[in-house]
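Colleague: Hello! Could you take one part of this structure and walk me through it closely? I would like a connected account that I can follow alongside the coordinates.

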Amino acid sequence: MIPAQFDYLAPTSVADAVAALAEHGDDAKVLAGGQSLLPILRMRLNAPGVVIDLGRIPELQGVSEDGDHLVIGAMTTYAAVLASEAVTTHAALLSKAIATVADPQIRHRGTIGGALVHADPAGDVGAPALALGAELVIAGADGSTRTVAAEDFFEDLFATAVGEGELLTQIRIPKHTGWGAHYEKFVRVSHQWSIVGVAATVRSEGGSIAEARVGLTNMGSTPLRARSVEEALVGQPATDEAVRAAVASVTDGTNPPSDLNGDADYRKHLATVLTRRAVLAAAGA
Amino acid sequence: MTITEDRPADAPTPEIGKSRTRKEDQRLITGRTRWTDNIQLPGMLHLAMVRSPFAHATISAIDTSEAKGSSGVVAVFTGEDLKDIQGVNITAWPVSAEQKSPDHLPVAVSHVAHAGEIVAVVAARTAAEARDAAELVDVDYDELPAVLDLKEAAKDEVLAHPSLGTNTSATWQLDSAGQGSGGDIEEAIATAREGGILIEREYRQQRLIPAFMEPRSTVVDPTGEQVTMWSSTQVPHVLRFCIAATTGLPESKIRVIAPDVGGGFGGKLQTTPEEFATLAVARKLSKAVKYTETRSETMVSGHHGRDQWQKLTLAAEKDGRVTGLKVELMADLGAYAALVGGGVPVLGAWMFNSIYKFASYQFNLTNYYTNKTWVDAYRGAGRPEATYAIERLMDELAAEVGVDPLEIREKNWITHDEFPFTTVAGMTYDSGNYEAATAKAKELFGYDELRAEQKQRRESNDPVQLGIGISTFTEMCGLAPSRILGALNYGAGGWESASIRMLATGTVEVITGVSPHGQGHETAWSQIVADKLGVPFENVEVLHGDTQIAPKGMDTYGSRSLVVGAEAVVRAADKVIEKAKVVAAHLLEASVDDIEFSAGTFGVKGTDKGISMPEVALATWTGHNLPDGMEPSIDADATFDPDNFSFPHGTHLCAMEVDTETGASTMRKYVCVDDIGNIINPLIVEGQVHGGLVQGIAQALWEGAEYDDQGTLVTGSFVDYTLPTSADTISFITDHTYSPSTYNSLGTKGVGEAGCIASTPAVVNAIVDAVRSFGVNDILMPCTPERVWKAIQKGRSVPGEGERDAQPHFDEGVPNQDPGAAAEGSQA
């Protein structure tokens with residue numbers, strides 16, 4: 001498995017990286033953790049002239065807190081996110097989802113930003129990012145930055161709001177301190193991409209659900225947010241019966257794929273079952 | 001268990017029976033060893049293959065000019081360029097005299113019959129340059145219609161090889177009435193149809209891909225007097241023979257080396273187009289060359305395994321006593337008859353009757369060609385297919401009779417006091433004790449408690465149902481008595497060879513004709529020889545896998561190495577002792593008849609005089625003081641041809657939890673009690689059992705090669721070909737009973753394939769058992785959650801849940817009704 005020849009650049013600042021992108025344009029590919037890009041290059045499904053490695057840019061690494069937000073550098077590895085107490089405390093849903101990604105080796109290489117920009121709808125980061133109302137900070141060619149809400153970030157299969165010459169630099173997540181969370185991932189073997197995944201986080205109040213956020217993995221060409229379910233859950237007790245009724249609409253507007261792991265109708269059935277389970281688990285039921 | 005010998009009280013504890021860690025593992029696990037791809041020769045060139053993207057096409061033109069001009073490229077060869085010297089990939093087992101076998105050229109000249117077939121070879125200074133240039137070879141194909149489905153192939157409407165005029169390769173039959181080993185199957189079926197029970201089912205053995213860890217790699221150095229080929233193969237000796245038979249190179253001019261080889265599972269029991277193409281290019285250029293495949297190439301070009309439809313008719317009396325079994329197999333050989341290829345399903349012929357006493361039996365096989373990757377041996381080779389079929393059927397019969405599936409087995413199995421027993425298929429089993437293995441397994445499993453829990457879950461309508469699956473398997477291994485292979489039209493014998501060299505300084509070299517690729521032979525053979533010759537384990541070196549070092553051998557496959565290969569070692573050791581006794585007697589000034597050999601020392605009866613084996617070896621080496629006329633050597637060779645196969649057996653019990661809401665199956669408990677006779681190294685056996693179990697479980701749950709309707713392998717990488725990892729399996733409970741084989745002096749039976757043969761039906765039986773109350777009696781493998789869930793939905797939708805006709809009959813004149821297809825969902 002040998003990729004076609006390419007030039008390799010390793011800028012040490014976001015400014016340099018953006019400048020390199022501007023210079024090479026379409027001919028360049030950005031390398032984050034490389035867990036998707038390298039197989040693509042090695043199987044010669046893509047042959048960029050230049051690979052720009054973001055691995056040596058300190059400002060893209062790490063988790064910090066900014067008031068009522070967590071700020072995660074785009075090049076923070078899954079393993080580093082998992083090790084962050086701040087994430088566990090304030091965005092438990094993200095921890096729970098990332099804990100299911102592939103295997104330990106991949107979690108030590110793969111990055112949260114790389115996964116978000118790659119935007120594979122079967123990836124496990126998009127749904128929790130959507131459910132938690134994440135904001136994505138994007139650096140542009142002219143040194144400017146802009147912030148895009150997660151709901152506007154995912155545009156289509158492998159397509160995001162990150163435009164030509166731009167880089168995702170930060171993921172800002174509103175703190176969901178005290179919210180219960182669960183990521184229900186359905187796979188045949190543990191290291192597999194999600195067949196369907198459901199990310200649910202719930203704030204309980206006096207034995208019933210006060211607020212709920214639900215994101216879906218691999219139920220369409222992008223991660224999806226199940227707003228009708230979120231609304232239906234408000235005020236409901238965390239019982240099997242009540243949640244079963246509230247999640248009935250979860251497949252509205254979904255358009256899941258059909259492949260060797262299951263056809264679209266089966267995935268819709270799974271989404272219904274898994275959403276109920278995810279919500280009940282998030283609510284501690 | 002050990003081989004018992006009288007030993008002095010102060011003798012070291014026997015090596016046989018010790019759980020030694022493997023002496024070869026440090027270098028194998030760290031990779032700091034002689035993998036073929038680690039070999040670098042001066043001036044060596046690197047190859048890349050150009051492969052057909054089409055399943056079936058003729059080649060109208062190949063333009064190599066741009067590739068030849070690419071950086072670092074030394075040469076580009078097409079099949080036309082190599083056709084005089086490239087040889088042909090032959091089959092060693094034409095199952096009938098009438099078998100049709102299309103020529104399998106290493107590099108196709110005018111016709112490609114599966115996607116992935118080689119059409120050109122690039123040689124360049126580096127592997128990267130070779131790969132770059134391979135992209136520049138321009139091949140014009142005229143696409144032909146491809147036949148991709150076994151049942152479509154049987155219709156002969158689209159031909160995989162138009163020149164053959166048919167897709168049928170060969171047919172083969174074993175009939176108990178015809179050969180006099182049992183009654184008439186049609187009579188048994190007719191009787192059962194009248195007043196007994198007839199179970200008619202069709203099962204599918206999906207196509208599997210042997211996922212050995214080390215991709216295949218070949219280095220050829222043509223610059224010496226012998227052409228030397230290093231290859232990641234299970235069969236260096238067979239490979240040398242096939243090269244000599246087809247390329248024009250004399251056998252004496254070929255040296256084949258299997259250096260350290262990282263797994264095979266049958267997948268490297270092959271002589272490959274890649275090996276032959278590499279040899280041809282090396283000879284053309286008179287330079288050393290290396291080819292190492294990518295995993296993507298392994299998936300499309302390395303041979304696949306299994307791929308059968310099994311139509312089965314089981315006749316029984318009302319009480320569940322089986323009166324006959326009729327097997328009608330369709331086997332997909334893929335595009336070519338591979339080395340063993342068509343013979344793999346034949347190996348199942350003696351195993352469908354398994355451990356049971358059936359009155360009549362008939363096995364009918366038709367092999368077909370399709371435009372898919374060729375198919376050959378994969379761990380178990382013929383016996384897993386047979387075991388799956390009969391163990392699934394015995395569960396179906398139990399359901400029909402309404403008794404516990406263990407009871408139905410007990411009613412039909414050979415009892416321990418009936419050995420040796422000649423089966424309805426004509427095979428004589430020497431030893432076994434099915435009652436003992438089953439009793440032990442039941443106890444370890446907590447059978448009755450789990451049955452009680454199953455009942456409780458059923459009654460409470462638990463969304464998670466529990467099922468118990470049983471597999472009381474046997475298999476035939478230790479390939480093989482040469483006379484039987486001859487009778488089956490196989491192209492070689494089944495003997496094995498060994499030599500022992502007693503070195504002057506007291507260490508011992510053991511040369512074995514088998515070719516380990518991960519099994520641990522170095523360790524086990526050292527244990528055996530240490531005990532036999534009374535030398536320290538550390539002083540034994542086991543050499544293998546090089547036709548210059550181990551000139552004779554039949555290599556490693558079919559769980560043969562210990563039961564055939566190690567027996568040859570034992571016999572060579574016996575000869576060493578006999579020769580050394582003469583020297584010892586001479587040096588001790590005693591009669592040979594008075595010499596006793598024990599724990600490494602030759603003593604004189606009734607005295608305390610003695611001389612050690614190393615002392616005898618040194619004295620022989622110096623030759624200063626030997627008996628008159630004695631050849632100064634105590635080295636010895638032995639070749640062993642077994643009289644029979646060995647017949648391991650065991651009882652495997654599996655509990656599966658099935659989530660009826662999603663169809664997901666989770667293993668709850670797995671117990672196996674295997675009887676493999678005496679055990680040399682319990683740790684190695686444990687590893688073989690665990691690995692085998694996981695591979696068999698993987699067929700039941702996870703693995704399956706799938707093609708699209710263009711003939712492209714959809715499961716072309718490990719993203720889609722879902723291999724399990726340790727994270728997907730549970731801790732198995734393993735144990736043994738001990739019925740020694742009577743066909744070798746160590747009393748051992750093969751264990752390499754046992755777990756893989758036994759586990760698949762245990763898992764599927766458990767899943768079907770969990771959901772049988774929903775009206776389900778079969779689920780296609782792999783039992784994906786979707787298939788399980790859909791089977792439950794389909795079962796539930798039928799009125800009178802659980803009361804459906806459990807035995808739909810095959811309609812007259814309709815050969816294959818594919819009852820499993822409805823549960824298959826959207827997958828082709």
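Modeller: Happy to; what follows is a walk through chain B, from its domains to a helix pair and a sheet, with a short look at chain A at the end. Please keep in mind that this is a predicted model.

Let me begin with the domains. Chain B splits into domain 1, made of 430-477 + 647-801, and domain 2, covering 492-640. Between the C-alpha centres of domain 1 of chain B and domain 2 of chain B there are 42 Å. Where the two meet, domain 1 of chain B contributes 14 residues and domain 2 of chain B also contributes 14 residues. On the domain 1 side of chain B, the touching residues comprise five nonpolar, seven polar and two charged ones.

Now to the helix pair. Helix 17 (residues 521-533) and helix 18 (residues 561-588) of chain B have axes that come within 10 Å and cross at roughly 30°. Because angles under 35 degrees count as roughly parallel, helix 17 of chain B is described as roughly parallel to helix 18 of chain B. Their crossing is right-handed. Helix 17 of chain B brings residues to this contact including Trp525(B), Ile528(B), Val529(B) and Leu533(B), while helix 18 of chain B supplies, among others, Leu562(B), Val569(B), Val570(B) and Val576(B). By class, the residues of this helix contact are 11 nonpolar, two polar and one charged; Lys532(B) of helix 17 is one of the residues taking part.

Next comes the sheet. In chain B, four strands in the order 18-26-27-28 make an open sheet with mixed pairing. Strand 18 (464-474) and strand 28 (733-737) of chain B are the edge strands, each with a single partner, so one side of each has no neighbour in the sheet. On average, and ignoring direction, neighbouring strands of this sheet are turned by 15° against each other. Strand 26 (residues 649-659) and strand 27 (residues 665-675) of chain B run antiparallel and are joined by 10 bridges. For a pair to pick out on your screen, try Leu653(B), whose bridge partner in strand 27 of chain B is Val671(B). Across strand 18 and strand 26 of chain B lies helix 15 (residues 447-459), running at about 145° to strand 18 of chain B.

Finally, a look at the neighbouring chain. Contact between the chains involves 18 residues of chain A and 24 residues of chain B. Helix 12 (residues 264-282) of chain A gives the largest share of the chain A side, three residues. That side of chain A divides into 10 nonpolar, six polar and two charged residues.

Key: Residues are numbered from 1 along each chain as its sequence is written. Chains are lettered from A and ligands numbered from 1 in the order in which they are written. This is a predicted model: local features need pLDDT of at least 70, side-chain atom pairs count only at pLDDT 80 or more; totals for chains, interfaces and linings use all residues. Domain bounds come from an automatic or database domain assignment. Two residues are in contact if their C-beta atoms, placed from the backbone, lie within 7 Å. Ala, Val, Leu, Ile, Met, Phe, Trp, Tyr, Cys and Pro count as nonpolar, Asp, Glu, Lys and Arg as charged, and the others, Gly among them, as polar. Axes are lines fitted to C-alpha atoms, for helices over the stretch in contact, and angles run from 0 to 180 degrees between N-to-C directions. Helices (H or I, at least four residues) and strands (E, at least two) are DSSP runs, numbered from the N terminus. Angles under 35 degrees count as roughly parallel, over 145 as roughly antiparallel, 65 to 115 as roughly perpendicular and the rest as oblique. A crossing is left-handed if the near helix is turned anticlockwise from the far one by less than a right angle, and right-handed if clockwise. Two strands pair if DSSP finds at least two bridges between them.
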